[in-house]
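The exercises below are meant to be worked with the sequence and the model open side by side. Try each task before reading the solution that follows.

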Amino acid sequence: MDARDASDSLDRATDEFLAARPQLFGIAYRVLGSAAEAEDVLQETWVRWQNTDRSAVKEPAAFLTTIAARLAINVAQSARVRRESYVGPWLPEPVDTRHDPQLGAERAEALEMAVLLLLEKLNPVERAAYVLREAFDYPYKQVAEILETSEPNTRQLVSRARKHLSAERKEPVSPADHRRLLEVFLAAAQTGDMRVLENVLAADVVSYADGGGIRGASRIPVVGRLRVSKYLAAFAPRFWPPAETRWVEANGGPAVLVTAGGDPVALLSVDASEDGIRRIMWVMNPEKLAPYVTSLAA
């Protein structure tokens with residue numbers, strides 16, 4: 001191959017990779033719950049794609065998806081060990097979905113913060129099977145090929161993931177009701193209004209604060225309507241007076257960015273059902289907040 005042919009080949013490879021990139025990122029992010037780790041997967045996918053005999057690849061997008069999915073599974077397996085030593089509750093790294101509401105997928109499935117948090121409890125292969133089938137609508141046969149398993153086993157993997165999610169999460173409310181509940185919750189949390197808080201929270205509500213050991217935050221989840229209400233009311237006088245709030249979008253839903261002195265302090269989002277708010281998620285780890293805040297300016 002002469003220099004011109006090599007250049008043309010690399011140009012085609014670049015175009016094929018860039019065309020598939022949104023989907024590759026969407027898969028890796030959903031499996032990992034981390035935009036930074038997903039970017040690492042894409043970088044390694046690109047390196048492997050460059051070093052592949054591409055003349056033998058009939059479907060570049062399918063080939064790239066297979067590489068990215070398998071790499072994401074490998075990273076997730078090692079990340080599980082790292083997260084066992086994570087300081088305090090672990091929450092997914094938020095992503096800005098204003099320009100790509102479905103984050104490269106056929107459907108915006110497995111994108112909400114609460115769903116990503118629940119998927120973390122599954123093993124990486126189950127997560128990948130669920131993501132490929134439910135978000136990207138891959139046929140079971142193709143998912144099986146990507147995961148190097150049988151089609152019947154793939155169906156079982158997806159079924160187990162579905163059952164886990166349905167057992168752990170009630171039917172969410174409409175987007176309008178979600179926004180309304182978050183608005184009511186925010187106002188009550190800022191003033192420490194116990195009555196309103198107890199009215200808007202579900203009986204089994206859980207509050208997660210992910211500070212990553214870097215920023216002061218509760219190192220264990222706070223569970224139950226009364227405990228969460230008291231917890232929020234107790235820290236309201238210290239937390240909210242210097243803070244400013246901004247409504248943003250994260251992971252396909254409404255969220256509130258909390259800043260103090262121009263610096264990001266927390267990203268607040270909730271998971272809500274007809275019973276009220278069931279999960280409160282405070283992403284306070286600066287390493288997770290910084291990339292998200294940067295994306296808002298793009």
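A residue is called buried when its relative accessible area is under 20%, exposed when that area is over 50%, and partly exposed in between, with a 1.4 Å probe and protein chains only. The model is predicted, so that local features need pLDDT of at least 70 and side-chain atom pairs count only at pLDDT 80 or more, while totals for chains, interfaces and linings use all residues. Residues are numbered from 1 along each chain as its sequence is written, and side-chain values use heavy atoms, with hydrogens and water left out.

**Exercise 1. Backbone and burial in two loops**

Task: Find where Ala-110 lies, and decide whether Ala-110 is buried or exposed.

Solution. Begin with the position: Ala-110 is found in the loop between H3 and H4, where helices (H or I, at least four residues) and strands (E, at least two) are DSSP runs numbered from the N terminus. Next, look at the backbone, where Ala-110 has a positive phi of about 60° although it is not a glycine. Finally, Ala-110 counts as buried because its relative accessibility is 2%.

For a second case, turn to Asp-137, which sits in the loop between H5 and H6. Asp-137 also has a positive phi of about 60° without being a glycine. With a relative accessible area of 39%, however, Asp-137 is partly exposed.

**Exercise 2. Two helices in contact**

Task: Work out at what angle H5 and H7 pack, and how far apart their axes are.

Solution. First, locate helix H5 at residues 124-135 and helix H7 at residues 151-168; they pack at an angle of about 90°, with their axes 8 Å apart. Axes here are lines fitted to C-alpha atoms, for helices over the stretch in contact, and angles run from 0 to 180 degrees between N-to-C directions. That angle makes H5 roughly perpendicular to H7, on a scale where angles under 35 degrees count as roughly parallel, over 145 as roughly antiparallel, 65 to 115 as roughly perpendicular and the rest as oblique.

Then list the residues in contact, meaning heavy atoms within 4.5 Å. H5 contributes Val-125, Glu-126, Ala-129, Tyr-130, Arg-133 and Glu-134, and H7 contributes Leu-157, Val-158, Arg-160, Ala-161, Arg-162 and Leu-165. Sorted by type, the residues of this contact are seven nonpolar, no polar and five charged; Ala, Val, Leu, Ile, Met, Phe, Trp, Tyr, Cys and Pro count as nonpolar, Asp, Glu, Lys and Arg as charged, and the others, Gly among them, as polar.

**Exercise 3. The nonpolar cores**

Task: Establish which residues touch the most other members of the largest nonpolar core, and which element gives the largest share of that core.

Solution. A nonpolar core is a set of buried Ala, Val, Leu, Ile, Met, Phe, Trp, Tyr and Cys residues joined through side-chain atoms within 4.5 Å. The largest such core has 51 residues, of which Tyr-29 and Leu-147 touch the most other members. Two or more residues come from each of helix H1 (3-32), helix H2 (35-50), helix H3 (60-84), helix H4 (113-119), H5, helix H6 (140-147) and H7, and H1 gives the largest share, ten residues. Apart from this core lies another, of 32 residues, including Ala-209, Phe-235, Val-265 and Ile-277.

Now examine Tyr-29 itself: leaving aside neighbours within four places in sequence, Tyr-29 is in contact with residues that include Ala-35, Pro-92, Leu-103, Leu-116 and Asn-251.

**Exercise 4. Residues in H3 and S6**

Task: Determine which residues Arg-83 touches, not counting residues up to four places away in sequence.

Solution. Arg-83 lies in helix H3, and at 16% relative accessibility Arg-83 counts as buried. Beyond those sequence neighbours, Arg-83 touches Leu-32, Ser-34, Glu-37, Trp-90 and Glu-120.

Compare this with Arg-278, which lies in strand S6 and, at 10% relative accessibility, is buried. Among the contacts of Arg-278, with neighbours within four places in sequence set aside, are Glu-168, Asp-204, Val-206 and Asp-271.

Strand S6 (residues 276-283) also holds Trp-282, which is buried at 2% relative accessibility. Trp-282 and Leu-268 are 14 residues apart in sequence, yet 4.8 Å apart in space, C-alpha to C-alpha.
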